[in-house]
Structures are given as C-alpha cells and as structure tokens.
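Me: I would like a close look at one part of this protein: the place where the ligand sits. Please walk me through it, then show how it fits into the whole chain.

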Amino acid sequence: MKAIRRFTVRTVLPESLAGLEELATNLRWSWHEPTRQLFAQLSPALWEESAHDPIGLLGEIDPSRLDELAADHAFVAQMNERLDELHSYLTEPRWYQSLPAGAPAAIGYFSPEFGIAAALPQYSGGLGILAGDHLKSASDLGVPIIGVGLFYRAGYFAQAISADGWQQESYPVLDPDGLPLSVLRHPDGTAGQVALALPDGRTLYARVWQVAVGRIRLLLLDTDIPENDDELRSVTDRLYGGGGEHRLLQELLLGIGGVRAIKLFTELTGSPTPEVFHTNEGHAGFLGLERISDLIGVGLSFDEALQVVRAGTVFTTHTPVPAGIDRFDSGLIGQYFSSELLPGVDVDDVLLLGAENYEGGEPGTFNMAVMGLRLGQRANGVSQLHGEVSRGMFGQLWPGFDTADVPITSVTNGVHAPTWTDPSLLALAASRLGTTDTTSCDWNSPAVTDLDLWEVRNGMRAQLVQDARRRVTSALAEQNPGTITPQWVSGLLDPDVLTIGFARRVPTYKRLTLMLHDEDRLRSILLSADRPVQIVIAGKSHPADEEGKRLIQKLVQFASSPELRTRLVFLENYDIAMAQLLYPGTDVWLNNPLRPLEACGTSGMKAALNGSLNLSILDGWWAEFYDEENGWAIPSADSAGDSAERDKLEAEAMYDLIEHQIAPRFYDRGSDGVPKRWVQSIRHTLATLSPELSADRMVKEYVTRLYVPAAEAERTISAKSFAGARELASWKQRVFDAWPLVAVTHVESGGVDTVPQVGDILHVRAHVQLDGLTPDDVAVEVVYGRAREGDNLERTHHVALEPETAAPGVAVQFIGAVPLTRAGSFGYNVRVTPKHPLLASAAELGLIAVAD
Ligand SMILES: *Cc1c(COP(=O)(O)O)cnc(C)c1O
C-alpha cells in the first residue's frame, strides 16, 4: 500500500552530539569532505544507504549507536572540531571582504532550479547545477548572495527504463521535514508568507523555506499550504511540469514572490537588502516588475523606475536554442497584470517589455528573454562562443548595430571544485602537495609520481564500475521482481578498460545517439581484442519529449545484446550522486552537440577537474579551452550539405579519434603498467584547466565585471531622491523623439595621398544633423577596419570625433583623425549614437545613425 502522506520524525540527539544537527542542516557538509567523513563514521552502512544524506542518516540511526558515540570522547572531540571549523567558515573574512568599498551589500540571485546536493533534488540539469555551484562558490568567497527559487514538492522526475528501453517517469513526493530546510518565521513563531493577487480576486500564498548553503541563505517558495485551494497548492508541484498558465504562475511566484520573500527575509533577519538582482535565465524575469512597482509606490513614473531597475539588474541567458526560451501568449499576460498583482504598474507597459516587436518577432507573444534583456542593463552568455551566438540571436533588439556591438557579454561557466573533485584526488593532493585546493596546486611537481596519479585514476574507474554494477543490479530487480541477478552483471564493465562517459539531458541537439551512426564500427571499437573500449551513458529526456525517449530506447536496445551489454551501459536516473562517481571514473568524457547549440556544457569541466580528458565538438567551453594536449576535438562539419551528412562526418571523425589516437595512447604502457604519455595529459589538464574551470573564477568575474558596476550604477541613478533616474528617463524620451531626424549628412576626409601609406593620418570631418540634440547628447565615431566582401567592415576599431562647437544646432561638424597603422584593405564609416554617462553601452537605446 502507498502512503498518502509522509513525514520524518527527527531523532533526539544526546546532548554531547547536539552539534550534529547543526552540521547536518548547513549544506556545507555536501562539499566539505571532513564533515562527510564524520557522518560516514556514524554508520558507514547507513551513510551509503541514505545516499550520503546526513538528515536521512540521523533519522535511521539506532539510538544505542548514538549513545555509544556520545560516550566516545574522540568522536565528540572530532565533531566539535568540525563545528568550530564551520563557525569560523561562516564568520571569517574571505575574498569578498577584501574588495574595495563599493561592492554591493547583498545580491539577490534568482533561479528556477538549484542543484546543491543529491539530498535536495530541486534541479533538472545543467542550469540548476550551475546555480548550486554559484551559491557554493559565493559562500566560499564570502559573496553576500541571497538565493531565491521554488520548492517543488516532487522536484524533477525520477527515471527508470522499462525492459524494452522506454523511459518511465515517477514523481516521488518530497517530505520537507526530512530535508535540510527550515520555515522562515516571524518572532511570534508564525510562518512568514508572501501573497500574490490573481485575477478574479483570488490570491496565491506561499511559505518560504530557508536553506543554509554555507554562508548563503537560499529561500524557496512553496505553495503547498492550507491557505491555497487545491489548484493553487499545486503551483509548485513539479519542476518544468506543465506549460502555459501553470508555468506562468510558477514564474510570477519566482520573480514577484521572490522579491517579496527577500523583503520579508531582510526585515525578519536584519540581513542587508540586495543592491543587485541577478536572474539566472529568463524564468525569474518578473522580479524587475515587482521592483518597478515598489519604486512607483515611492513616487517614480514607470519609465523612471525602469531606469533604476535596469541599472541594478544582471540577466544571464543560457540557451541558444529558441525552444529553450519561455514565451507566453500576450493575452494571458494581459489577464494576470490587469489584476491587483502589481500596484501602480500599467499592463500595457508590461506587455511592451516582452513584446517581440522587431523583425522576425511574433505578434501576440510575450518573450521572457526579451523582457530580461530590457529589464537588465547588463547581460551575458555563458561562454565566449555563446556570448557571440547570443549577440547574433538577440541582435534584432538593437537594429542597425553590428553584432559585435550588441550589449551582451559573456562569463564562461565554472564548476565548484570541492563538490566535483573525487575525495581520492583531494587525498593525493593533501598527502603529496600539502593542500586540498586541487585547483591551485602544482600538478607538475615530481612529488606526485606518474604511478601515484595513475593509481588514483584506476581507483576512480574501479569505483565507477562497482557503482554501475550496483545500479544495474537494482534496476534489473525492479524490472523483474523476485528473480536473482543474472551472472553477466558481475562482469559488467571492466575496471581496466578504457572508459568513455557520456551523460546529458536528451534534447535533440545533444545527439545522444551519434555514436550509433555506424553500429558495426562502434561494435568493433568496443570489442577490440587488444584495445577494448567501454562506454557509460546516462541521461533523462523531458517527459513530454517523445523523440528524446526514442533516442534512449534506441541506445538501450543496441546495448542489450549479450556481446555488448557489459561494454555499453545505460545507467538510469542521472543525478548528482551518480555524476559524482561518473565524471571521475571515466578516462574520456564525450560531448557531441550540434555546434553552436551547447551554450557552455559543464559536465566535461567536472570530468577535467578529476583528470579525465575531453573528447568533444568544439562548442561551448571546449571551443575556448581545447589546447591539443588536454583532450581531442571532434572537427565539426558546419558546412556539410545536410544534417545527415554532418552526422556522418562528425561520427566518423569521432570513431577515428577513438580508434587511432585515444585507445593507442591509453594502452601504451611502460614496464610499470603506467601509460606515461596519457598521464602527461592528465597532469596538464589538472594543472592548466582546474583554475580556469573553477566556479570561483566564474563568481569572481560576475562580482567584478557585473555586480560591482551594477551596484554603482544603481546607487548613482538613485542618489538625491532618484535625480539620475528622472533625468535619464526624460533624456531618453527627448532622444527617442529627436532621433528620426538625426543623420550624418556628409563626410569629408583628407591627409592621405593618392596612395596611402602606413604612417599617414586620415583626417575626418563629419557633418551631423542633430535636430535639437546637443553635441553632448551624442557620440560621433569613425568606425574603421578591414573592408571585406560587400564592403563589410571586419575587426573594427572606433575613434571618437569631437564637435567643433558645443552649441546645439541643426547641423554640427565633428572632426578627428585616424592613424593608418597597418597595410592592406581599409574601410571606414561614421556613426552617431546617443551618449549619456548613465548608459552602460553605446547600443543601449538601440538608436544609431550612419553615413550612407
Ligand atoms: C553537470 C550536470 C549536468 C549538466 O551537464 P552539461 O554538460 O552542461 O549538459 C546535468 N546533470 C547533472 C546531474 C550534472 O551534474
């Protein structure tokens, strides 16, 4: 029989062990190996059984065992040491505290999912794991972030695979009492709540769970409370569960409710109010509207409030796949914002923010990414290549500008090293190099021998093989209850065979089944007598994605033959716990997306931190970091005639690399059994990639390049009762009104002979019609570079031209000089853009005039 409701009764700990409760409820245990080891000691068997979940462990442990430990002085001393360590970790100054004054007092970080630990399954994939890693690194660096998300009663789904290879979804209901959560409460003990007014006089209520992630507080909103009717209770039932209205309700709650939750939290705890708001993908974009509503409440107009909000908002886009962007029917948005939801905010202003009112846009559609870009003065993609792709993809919002000028920068993702580095590698670094910071130690030091490294790698592979056998055993038991495990499972995977890992969500662009392109060739690679290869695969398909499920089925069926089933293994239910063994356990991490659709990709980064080598299409992070020594690049056949041709070329290149380069290097052993050349690549990977791929590097970049400038911008614009915001809003209006008549009417040049030479100086004089704007309102620049086909300028530079007079006028002349420093084709043009000290980029208003 199934339980209709469940809860967890927490153990009463003996007094001398009370500290375990605190250690268990701060998720820092999830990345602090000594604390994990402490919990493991309580009961190694239960630690495994609970899938490394301290609260689960404490719930199951025998009271007599606790009494025994309470009397064990050595254990109690060790526990107290961990506790002291936690307390100093939570309070001591860290990197952020050494920054010059001016860094924001707090930052609100919003994400629809957070992947922090397997014990808190509130994520579906890369976006959530990244958000979790962002919080953890922020904690380690002392960055004062407040995280905001939703608490999903069933998280994402759990995956099983049927005997015929079809994905089965189930939604195990989580019990918040058994999770490391606490309710945000008022001093009188009542639970804090946020409320959102809905159409027809209804109200959506949510309670606020708090999660301690080291120094960071994460607030999760939960609608499953008695104040809501059944329909509204289910708003936070599942992550990415429904579409349309259900999804919209989740996003209204995340954005608007999230800002309200932060207000409640700061009021109740005295914690500083965020000066910067960061939205991780467009889903949380409504947060800007709540802030606008607040500012309207203190007397600003919508346009003025918008300037303030833009200044302090950072928007990160994560996908170059249009289907990955939330779009709603404008009618639905209109319905929700015509209610009392946001006092003072006019529904038409809201609709304009998300309107696809540009070339190629769809009328009647409300686009969350577009709103995100309009509500945030600073925006970024998540790798250099993705930044470039995003500038192209969203370029229509800044018509007339070259793609390179579109104001979307990039911050390449990183991964949280303490979470994703296998303990055995930490132990090696500690014993040989005297540090557990594996991202900054000297992996080229002779103190670590080739044999040391190779043995650690062998251990990781053996650990994966053991885990895979355990998982397949229990999956078969699920499929065939009551039967004994077949003999072949004990020979599943071989701890000495070259192991390739491949795990990801299963949207089409990730090409789960590319390796099946030539089944005979794959079979011969796997079954090679002297250089065998094995592949471990995992991944979930979105429940509504039948095509994705078919790909999984195709793979599972291929892998089911008796000759292959021990060499090609699909593991069910990819999650953090599996990932933590899978990345270290593979020698080669494979990624074969359709370039450039992988925005960054982080699984390969996690593999690299453990000394796995990457084999990947040059997409996302790999396009930035592949250096010929840290792995292999699958050449991408972008110019192939059609997608079948492209798959064929790329698959063949992949087989060739495995067969002719990877396997020979892996099996080229010295007399000590160590593959010297391979270990050289491992060292190189650890030494050069680890610092770059670390989420610490990423979070520092967000702080210095985005959060600090955003905080400064918002302070400046808000100073003196929002004088800057009022001035900027009216200036923008004036510029918009005048712009249709602004033009470069004539350009003269001189200073070069008929045959220009390097060293000559090109003098430029531009006649600009300003139509009432002053010369100070505009930037007039020569844009020059190499002239290519169709007279397109490439690798452009800008030189500012100065006005000859400061007086406003119908036409003003601007002059300047460009030194000709290199030979070859040269072309130039003159452009005019609006200029104001409170703008962050020349393209910001999307207004430009160029000479014809
Ligand atoms: C890292 C990770 C992902 C994302 O990996 P990508 O390479 O970005 O697709 C997904 N799921 C889990 C469990 C992860 O740990």
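Reply: Start with a label from a record. The unreviewed UniProt entry has the annotation "domain: DUF3417", and this covers residues 13–120. Keep in mind that the model is predicted. In it, the span 13–120 is 53% helix and 6% strand. Its end C-alpha atoms lie 23 Å apart.

Now the ligand. There are 15 residues around it. Lys510, Tyr583, Thr602, Ser603 and Lys606 come nearest.

Take three of these side chains in turn. In Ser603, an N or O atom of the side chain is 2.5 Å from an oxygen atom of the ligand. For the side chain of Lys606, the corresponding distance to a ligand oxygen is 2.6 Å. For the side chain of Lys510, an N or O atom lies 2.9 Å from an oxygen of the ligand. Each of these pairs counts as a polar contact, because the cut-off is 3.5 Å. How much of the ligand does the protein cover? On its own, the ligand has 390 Å² of accessible area, and the protein covers 95% of that.

Next, look at what builds the shell around the ligand. By class, it has six nonpolar, five polar and four charged residues. Three helices each supply at least two residues: H7 (126–141), H21 (576–585) and H22 (603–608). H21 gives the most, with three residues.

Where does the ligand lie with respect to the domains? Domain 2 (95–159 + 168–379 + 391–410) gives residues to the shell, and so does domain 3 (429–691). The ligand therefore lies between these two domains.

Follow the chain just ahead of H22. The loop between strand E20 (588–591) and H22 holds Pro596. A cis peptide bond joins Arg595 to Pro596, with omega at about 0 degrees. Most peptide bonds are trans.

Another backbone detail is found at His52. This residue lies in the loop between helix H3 (44–49) and helix H4 (54–60). His52 is not a glycine, yet its phi is positive, near 60 degrees. Most residues other than glycine have a negative phi.

Finally, step back to the whole protein. It has 26 helices and 29 strands. The radius of gyration is 29 Å, close to the 29 Å that the globule rule gives for 852 residues, so the protein is as compact as a globular protein of that length. Along the principal axes, its C-alpha atoms fill a box of roughly 90 × 70 × 50 Å.

Key: Residues are numbered from 1 along each chain as its sequence is written. This is a predicted model: local features need pLDDT of at least 70, side-chain atom pairs count only at pLDDT 80 or more; totals for chains, interfaces and linings use all residues. Side-chain values use heavy atoms; hydrogens and water are left out. A residue is near a molecule or strand if one of its heavy atoms lies within 4 Å of it. A polar contact is a pair of N or O atoms within 3.5 Å; within protein, one must be able to donate a hydrogen and the other to accept it, and residues adjacent in sequence count only if both atoms are side-chain atoms. Accessible areas come from the Shrake-Rupley method with a 1.4 Å probe; for residues, only the protein chains shown count as cover. Helices (H or I, at least four residues) and strands (E, at least two) are DSSP runs, numbered from the N terminus. Ala, Val, Leu, Ile, Met, Phe, Trp, Tyr, Cys and Pro count as nonpolar, Asp, Glu, Lys and Arg as charged, and the others, Gly among them, as polar. Domain bounds come from an automatic or database domain assignment. UniProt positions are given in the numbering used here, feature names are shortened, and annotations may be inferred rather than shown by experiment. The radius of gyration is taken over C-alpha atoms; the globule rule is 2.2 Å times the number of residues to the power 0.38.
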